[in-house]
Amino acid sequence: MILHGYFRSSAAWRTRIAFNLKGVAPQSVHNLRGGAQNEPAYAAINPQKLIPALELDDGTVLTQSLAIIGWLDREVPRPPLFPADNVLRARVEAFALVIACETHPFQNPKIQKRLQGKGFSEADIKEWLATAMSEGLSACERLIQDQPGPFCFGAAPTLADICLVPQIGSARRYGIELTPYPKLVAIDAHCAALPAFIAARPDQQPDAD
Ligand SMILES: N[C@@H](CCC(=O)N[C@@H](CS)C(=O)NCC(=O)O)C(=O)O
């Protein structure tokens with residue numbers, strides 16, 4: 001099994017956390033440096049030219065981090081990455097989707113390049129990105145207001161934490177103020193002490209700068 005990733009990609013980071021939590025170690029290949037995701041060789045693997053992609057042993061390719069994590073959870077059910085309770089599961093998925101669909105995409109290199117190509121200034125792009133990230137994080141903070149911790153939804157990590165930690169990492173990289181999100185910051189700190197999360201960090205990857 002080959003996981004096509006990149007150390008800084010937060011979508012790939014999600015899959016690394018999930019594989020670590022399951023104790024499964026796919027072979028890692030690092031695409032993206034120097035725009036390698038846009039080369040025909042990678043486009044043949046993932047027509048979206050996005051990281052990550054997972055090549056299964058029979059050659060089947062899975063794309064989209066949340067689909068890869070869902071597949072992994074069904075293949076290797078322990079420890080579960082979703083709560084057994086159906087309502088809580090829907091809340092975990094909603095939290096993850098706020099990040100994956102409506103927060104993270106704005107920070108993608110290709111989106112930022114398009115904005116630069118349209119003549120937007122670096123300051124405008126930064127401000128636009130900060131607004132998008134802050135909106136997403138505010139929603140996430142509200143979505144777990146009733147939750148006791150130490151993870152987003154209960155006593156064990158779920159897809160919500162898997163999506164949160166890389167998004168907080170990106171927010172820090174972009175200099176976003178995190179004090180309005182005390183619950184998210186506390187959960188991130190809790191996750192940061194766990195081996196599965198430590199090993200998934202960008203600075204722990206062989207292709208890290
Ligand atoms: N929704 C996708 C997002 C994948 C994605 O946006 N990957 C980024 C890295 S985090 C990427 O490959 N960007 C390449 C580019 O912008 O050219 C997923 O969850 O897998």
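The following paragraphs lead from the overall fold of this predicted model to its two domains, one helix between several neighbours, and the ligand shell.

The chain comprises 9 helices and 4 strands. Read from the N terminus, its elements follow the order β-α-β-α-β-β-α-α-α-α-α-α-α. A compact globule of 209 residues would have a radius of gyration near 17 Å, and the chain, with 17 Å, agrees with that expectation. Along the principal axes, the C-alpha atoms fill a box of roughly 45 × 45 × 30 Å. Of the 209 residues, 35% count as buried. Among contacts between residues at least 6 apart in sequence, 68% join residues at least 24 apart.

The chain is divided into domain 1, residues 2-79, and domain 2, residues 86-197. Their C-alpha centres lie 20 Å apart. Across the boundary, 12 residues of domain 1 are in contact with 15 residues of domain 2. On the side of domain 1 that touches domain 2, the elements giving two or more residues are α1 and α3. Helix α1 gives the most to this side, with 8 residues. By class, this side of domain 1 has 8 nonpolar, 3 polar and 1 charged residues.

Helix α3, which spans residues 65-75, can be examined residue by residue. Its residues S65, L66, I68, I69 and L72 are buried. Seen down the axis of α3, these buried residues fall within an arc of 160 degrees, so they line one face of the helix. The spacing reflects a general property: an α-helix has 3.6 residues a turn, so residues three or four places apart point the same way. On the other side of α3, A67, R74 and E75 are exposed. The partners of the buried residues are α1 (10-22), β3 (53-55), β4 (61-63), α4 (86-102) and α7 (159-173), against which they pack.

Helix α3 also takes part in the surroundings of the ligand. Of the 14 residues around the ligand, S9, A11, I51, S65 and K110 come nearest. The elements that give two or more residues to this shell are α1, α3 and α5, the last covering residues 109-117. S65 thus appears twice in this account: it is one of the buried residues of α3, and it is among the residues that come nearest to the ligand. By class, the shell has 7 nonpolar, 6 polar and 1 charged residues. Both domains contribute to the shell, since at least three of its residues are drawn from each of domain 1 and domain 2.

Conventions:
Residues numbered from 1 in each chain as written. Predicted model: local features only at pLDDT ≥ 70, side-chain atom pairs only at ≥ 80, totals over all residues. Buried ≥ 20, exposed ≤ 12 C-beta atoms within 10 Å, placed from the backbone. Arc of directions from axis to C-beta. Contact = placed C-beta atoms within 7 Å. Near = placed C-beta within 6 Å. Nonpolar A, V, L, I, M, F, W, Y, C, P; charged D, E, K, R; others polar. Domains from an automatic or database assignment. Rg over C-alpha atoms; globule rule 2.2 N^0.38 Å.
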